[in-house]
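Biologist: Before we discuss anything, could you show me the sequence and the model side by side?

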Amino acid sequence: MISLTDSQKIGMGLTGFGVFFLFFGMVLFFDKALLAIGNILFVAGLAFVIGLERTFKFFFQRHKFKATSFFLGGVVVVLIGWPIIGVVLEIYGFFLLFRGFFPVAVGFIRRVPVLGSILNLPGISGVSITFICCV
């Protein structure tokens, strides 16, 4: 069992609420307030989970400058009041930032009993392999 510190538990809660508010804000036709709250909670939760120093190092690496610019720029654009443009920028920046984690996530999901059998179906397997290779 993985043991988490109290700040990591708080971070997991903040990140979960952030994802919920982001999803709910998109479902409610890109509600500015919900998206802004979701963005703030997600970034704060990430900082609590991995620590401030590691969060700073992750976002501000030289080779991730473009991805960080799009992601944080999207957050700023949402806070300014243009939610659709901001969410598009955030999604693009998110995929650029976390593209190294996608193959690991797909590999993990393939080992989960029900989801793994779905990912190993002929049509879906080819799409997931293409997704891993292209990302």
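**Reading the model**

Biologist: Asn39 lies in helix H2, but is Asn39 buried or exposed?

Modeller: This is a predicted model, in which local features need pLDDT of at least 70 and side-chain atom pairs count only at pLDDT 80 or more, while totals for chains, interfaces and linings use all residues. Residues are numbered from 1 along each chain as its sequence is written, and side-chain values use heavy atoms, without hydrogens and water. H2 is a helix (a DSSP run of H or I, at least four residues), and Asn39 in H2 has a relative accessible area of 3%. With buried set at under 20%, exposed at over 50% and partly exposed in between (1.4 Å probe, protein chains only), Asn39 is therefore buried.

Biologist: Which residues does Asn39 touch, not counting those up to four places away in sequence?

Modeller: A touch is a contact, with heavy atoms within 4.5 Å. Leaving out residues up to four places away in sequence, the partners of Asn39 are Leu22, Val75, Val78 and Glu90.

Biologist: What is the volume of the largest pocket?

Modeller: A pocket is an open set of points on a 1 Å grid over the protein atoms alone, where a 1.4 Å probe fits, with protein on both sides within 12 Å along at least five of seven lines, and its lining residues have an atom within 4 Å of a point. Asn39 is one of the lining residues of the largest pocket, together with Leu22, Glu90 and others including Phe42 and Phe94. Helix H1 (6-27), H2 and helix H5 (83-97) each supply at least two residues of that lining. Its volume, the space filled by probe spheres set on the points, is about 300 Å³.

Biologist: Which helix gives the most to the lining of the second largest pocket?

Modeller: The second largest pocket holds about 190 Å³ of space, and its lining includes Met12, Thr15, Phe42, Leu46 and Phe94. H1 and H2 each supply at least two of the lining residues. With four residues, the helix that gives the most is H2.

Biologist: Phe29 and Phe30 caught my eye in the loop between H1 and H2, so what is the relative accessible area of Phe29?

Modeller: Most residues other than glycine have a negative phi. Phe29, however, has a positive phi of about 55 degrees, and phi of Phe30 is also positive, near 60 degrees. Phe30 counts as partly exposed at 27% relative accessibility, whereas Phe29 is exposed, with a relative accessible area of 76%.
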